[in-house]
Amino acid sequence: MSEITVFTARQIHTMSRSAPSATAVAVRDGLILEAGTLESLKPWTDTHETIIDRRFEDKVLFPGFIDPHLHPSLGSVLLPSTFITAMEWNLPDRKVPATKGKDDYLAALKSAFDDKGTEKAVFVTWGYHQLWHGEVTREDLNKIAPDHPLVIWHRSFHELILNDAAIAFIDADKEVMEKHPQIDAEAGRFSETGAMVAMTGLRPFLFDPQRFLEGLLSLLKVVHKGGHTTVADMAFGIFDFEQEWNAYNAMMNRKEVPLRTLLVPKGLLDLDGDSPMENSLKVIKDLEARSNEKLFFDKRVKLFTDGAIFSELMQMQEPGFIDGHHGEWLMVPEKFEEAVRFYWNEGYRIHVHCTGDLGHELAIDTLEKMQREKPRLDPCFTIEHFGISTEEQVYRLKRMGAYVSANPYYVHELGERYWAKSIGYERASQMVRMGSLARENIPFALHSDFTMAPAEPLKNAWVAVNRLSESGTVLAPEERISVYQAMRAITIDAARILGMENSIGSIRSGKKADFTILDEDPFEVPPENIKDIRVHATVFEGEVFEVEE
Amino acid sequence: MAVPCVFFTGYLGAGKTTLINILLSLSTGRRVTVLVNDFGSINIDADLIENQNGETISLSNGCACCTIGDSLLESAEKVLEEFSPDLLVIEASGVAEPNRLKNLLAGVKGIEHPRALSVVNADDIEKKLNDKFVGKLCRQQVREADALYFNRYTQDQIYPLQERLSVFHVPTFFEAREVMEFILEADPYDRDLDLVLEKTEIEHGLQSVIIDCSETISRLEFEHQLKPLQEICHRIKGFIRLEEGRVYAVQATDTSLELTRTSVGNSPPRLQLVCIGPDLKMHQAVFDAWQKKPIKIKKPA
């Protein structure tokens with residue numbers, strides 16, 4: 001039997017209601033023996049060989065943070081690019097400041113390009129958005145990079161701006177570029193369906209296996225820096241099952257990686273097609289057989305209702321969008337219902353992407369049908385993102401027994417400037433109404449959907465507690481939640497949404513020894529400062545992993 | 001040379017796949033390549049299949065059917081290169097919006113001005129237009145169409161539906177035959193086209209009767225004689241020769257008759273009438289009545 005290690009700390013928040021506070025925790029063989037004080041741990045420490053590890057004694061300890069919804073594969077493709085963004089991003093290998101205005105944007109771009117622009121075949125930068133950075137064109141890019149391919153990847157992922165060398169690189173047909181309604185050949189701008197044309201040419205570069213692996217390594221550092229010990233890939237297979245599995249298994253299964261990852265595959269091989277559900281299930285079952293300790297499946301699937309919120313493609317109930325445009329269904333409602341019913345009857349746990357209130361309506365109506373057909377006391381049905389919903393829908397979610405995994409970051413980045421133009425103040429300000437969830441006692445988690453938001457649980461908690469817009473106004477103060485609720489949402493309630501509450505999420509006997517060590521206490525600092533608390537280290541199954549400076 | 005392209009939009013259950021199945025079974029002498037989401041509901045006569053692998057079915061009539069896979073852009077380019085078709089037909093997904101799809105197809109080199117054919121299931125379109133989830137989408141699919149095909153309609157629905165959808169300006173088809181003509185830009189009286197469609201229409205509860213009209217007739221006489229036929233048929237089309245010796249194209253419904261002078265050209269059209277309607281067998285007497293006049297009738301098969 002191994003020896004016991006006791007970690008001491010200024011304060012341990014166990015996130016257990018029965019015993020919320022401690023100052024020491026005993027760990028052995030990757031499991032928690034119990035938490036308490038050095039005195040109360042004596043029955044253990046007097047009986048067995050013990051090491052007292054005091055290195056965290058002036059720090060604050062939490063259960064290891066959990067992000068139940070992010071996309072390692074998206075991160076892997078994105079992270080090798082240069083980030084020039086309107087908001088600040090805290091990445092492990094670089095601190096990205098907030099850049100606003102066209103002049104500052106171009107200056108930052110020039111500086112980055114001059115530094116190492118020609119190192120790779122294409123210089124890719126991500127984060128541009130015309131609302132913050134003005135209208136940047138091919139000519140602007142040509143001045144910075146006259147000979148080398150330079151690509152701006154829009155913040156929303158739905159637009160690309162290319163310089164002349166990049167246009168030559170993608171080898172797009174000239175005639176197609178001239179005539180395409182969503183390609184502005186003069187400005188070098190490829191939008192929506194036009195972006196797909198450019199992507200076809202860029203894909204071999206962006207998805208090059210070596211680049212992907214480098215990106216994945218970078219992503220693992222990002223995730224560690226945020227203080228995570230467990231995450232879930234909530235759309236495994238978004239690009240390609242095999243490529244992703246091989247990369248993850250190679251990178252994430254190593255001892256040096258202090259992370260376990262739950263994989264939730266897309267429930268349909270093909271969202272549009274007619275192929276029988278059994279085909280998708282077979283593929284998923286084959287994948288599930290590959291589960292190992294750090295990379296595993298759990299009879300869960302991901303389905304979709306409406307489109308992406310960053311591109312204003314959510315489906316809205318009346319009165320809809322201010323400009324009258326329509327959102328988009330990612331799955332035909334009938335197919336969605338068929339898929340839910342199929343997996344419900346197979347005993348699966350279902351996660352549903354919902355961004356607009358009409359998307360939520362479809363999900364809730366369908367859940368209600370399932371509860372009538374084949375009732376389940378714990379339906380294990382989770383709304384993912386929880387963009388725009390109504391109070392009435394929250395009451396229905398409660399009655400149907402659903403869970404919610406919310407993306408609070410929308411409130412901060414989109415709440416004000418973007419959505420005040422899109423859907424009006426009322427619905428924009430009340431986006432991601434976590435206060436309503438808390439009032440109804442609906443279990444909910446917070447997630448980042450990295451790369452849509454920074455992979456920083458404390459930042460997400462900060463948004464949920466303060467609901468500060470970009471300019472510092474509070475959006476819908478009634479929908480703020482308490483610090484305690486926010487911290488639960490990144491620990492024990494997130495564990496619950498992933499069905500892992502018996503092994504992670506709080507500090508109590510028998511659970512995995514996963515901790516996140518902070519320099520300061522979210523319960524003590526002014527709420528506006530929660531995002532600035534530094535993650536000092538994580539402990540993964542008893543082993544310490546410090547965050548690099 | 002740009003390849004003509006037609007795509008079928010329309011909500012789930014409208015009847016897009018049925019059209020695909022009909023199209024693939026025709027021998028028109030043209031190489032038609034069809035892109036579908038998957039082969040699930042594709043139903044092709046086994047005799048026609050030359051070759052089949054996971055993603056492609058090649059047919060002995062020169063047609064091919066391929067799955068779209070991850071990227072419509074890339075699969076469209078791939079099939080244009082691989083098959084060099086005379087015509088590309090795409091089965092869009094049930095949630096596709098015609099204008100957005102046209103934008104997408106603008107990225108494919110070799111296709112120009114794709115045409116949107118919206119398939120409308122007349123049986124449940126009213127319900128769909130009022131559906132809280134897809135009402136707007138269905139209206140958009142109809143509004144943005146270049147042509148419409150009404151499926152499973154009853155005679156009295158046609159006008160009210162067209163009014164409801166405000167689509168009088170768009171060519172509207174009521175039979176698969178007309179859809180095929182639109183897609184193939186074909187000779188409307190292609191005999192091979194007839195044979196296969198006859199079979200299909202019978203499957204859909206419609207029958208067709210072909211009446212030979214090789215004798216010349218006066219206009220008044222023709223209009224008079226047509227009336228009993230108009231009462232029992234949805235549509236009547238064909239060519240006749242009127243008394244002054246000229247050939248006229250005939251287009252008639254139960255309430256209208258249009259005679260258009262036709263230039264004969266190199267291959268004069270066959271002088272006959274094709275009558276399409278439900279339960280024509282019940283009206284044997286009407287066809288028999290024709291036989292007494294100088295118009296010969298081919299009896300229904």
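User: In this predicted model, which residues of H9(A) are buried?

Analyst: The model is predicted, and a residue counts as buried when its relative accessible area is under 20%. Phe212(A) lies in helix H9 of chain A and has a relative accessible area of 2%, so it is buried. The full set of buried residues in H9(A) is Arg211(A), Phe212(A), Gly215(A), Leu216(A), Ser218(A), Leu219(A), Leu220(A), Val222(A), Val223(A) and His224(A).

User: How far apart are the end C-alpha atoms of helix H9 of chain A?

Analyst: Helix H9 of chain A covers residues 209–225, which is 17 residues. At 1.5 Å a residue the helix should span 24 Å, and the separation in the model agrees with this: 24 Å.

User: Which residue with a positive phi follows H9(A)?

Analyst: The phi of the residue in question is near 95°. The residue that follows H9(A) with this positive phi is Gly227(A).

User: Which residues does Phe212(A) touch, not counting residues up to four places away in sequence?

Analyst: Phe212(A) is placed in helix H9 of chain A. Its C-alpha atom is separated by 9.0 Å from that of Gly75(A), although the two residues are 137 residues apart along the chain. With residues up to four places away in sequence set aside, Phe212(A) touches Ser73(A), Ser76(A), Val77(A), Gln243(A) and Ala247(A).

User: How many residues of helix H19 of chain A are buried?

Analyst: Helix H19 of chain A runs over residues 457–466. Among its buried residues are Lys459(A), Asn460(A) and Trp462(A). The helix is largely enclosed by the rest of the structure, because the number of its residues that are buried is ten of the ten.

User: Which residue just after H19(A) takes a positive phi?

Analyst: The phi there is about 50°. The residue just after H19(A) that takes this value is Arg467(A).

User: Which three residues supply more than any other three of the area that chain B buries against chain A?

Analyst: In the contact between the chains, 27 residues of chain B meet 32 residues of chain A. The two chains bury about 2,600 Å² between them, with 54% of it on carbon and sulfur atoms. Of the area that chain B buries against chain A, 23% comes from Asn103(B), Phe133(B) and Lys136(B).

User: What share of the residues of chain B count as buried?

Analyst: Chain B has ten helices and 14 strands. Of its contacts with a separation of 6 or more, 69% are between residues 24 or more positions apart. Among the 301 residues of chain B, the buried share is 55%.

User: Which element gives the most residues to the lining of the largest cavity?

Analyst: The model has seven cavities of 30 Å³ or more, and the largest holds about 100 Å³ of space. It is lined by 15 residues, with Tyr11(B), Val119(B), Asn121(B), Ile125(B) and Cys138(B) the closest to its centre. Strand E7 (115–121), helix H4 (125–129) and helix H5 (135–143) of chain B each give two or more residues to this lining. The element that gives the most, with four residues, is E7(B).

User: How many nonpolar residues are in the lining of the second largest cavity?

Analyst: The second largest cavity has about 70 Å³ of space. Its lining includes Trp89(A), Trp126(A), Trp132(A), Arg155(A) and Glu413(A). By class, the lining has three polar and two charged residues, and the nonpolar residues number five.

Terms used. Residues are numbered from 1 along each chain as its sequence is written. Chains are lettered from A and ligands numbered from 1 in the order in which they are written. This is a predicted model: local features need pLDDT of at least 70, side-chain atom pairs count only at pLDDT 80 or more; totals for chains, interfaces and linings use all residues. Side-chain values use heavy atoms; hydrogens and water are left out. On a 1 Å grid over the protein atoms alone, a cavity is a set of points where a 1.4 Å probe fits but cannot get out, and a pocket is an open set with protein on both sides within 12 Å along at least five of seven lines; lining residues have an atom within 4 Å of a point. Grid points are joined across faces, edges and corners, and a volume is the space filled by probe spheres set on the points. Ala, Val, Leu, Ile, Met, Phe, Trp, Tyr, Cys and Pro count as nonpolar, Asp, Glu, Lys and Arg as charged, and the others, Gly among them, as polar. The expected span of a helix is 1.5 Å times one less than its number of residues. Buried means under 20% relative accessible area, exposed over 50%, partly exposed in between (1.4 Å probe, protein chains only). Contact means heavy atoms within 4.5 Å. Buried area is the accessible area (1.4 Å probe) that two parts lose on being put together, summed over both.
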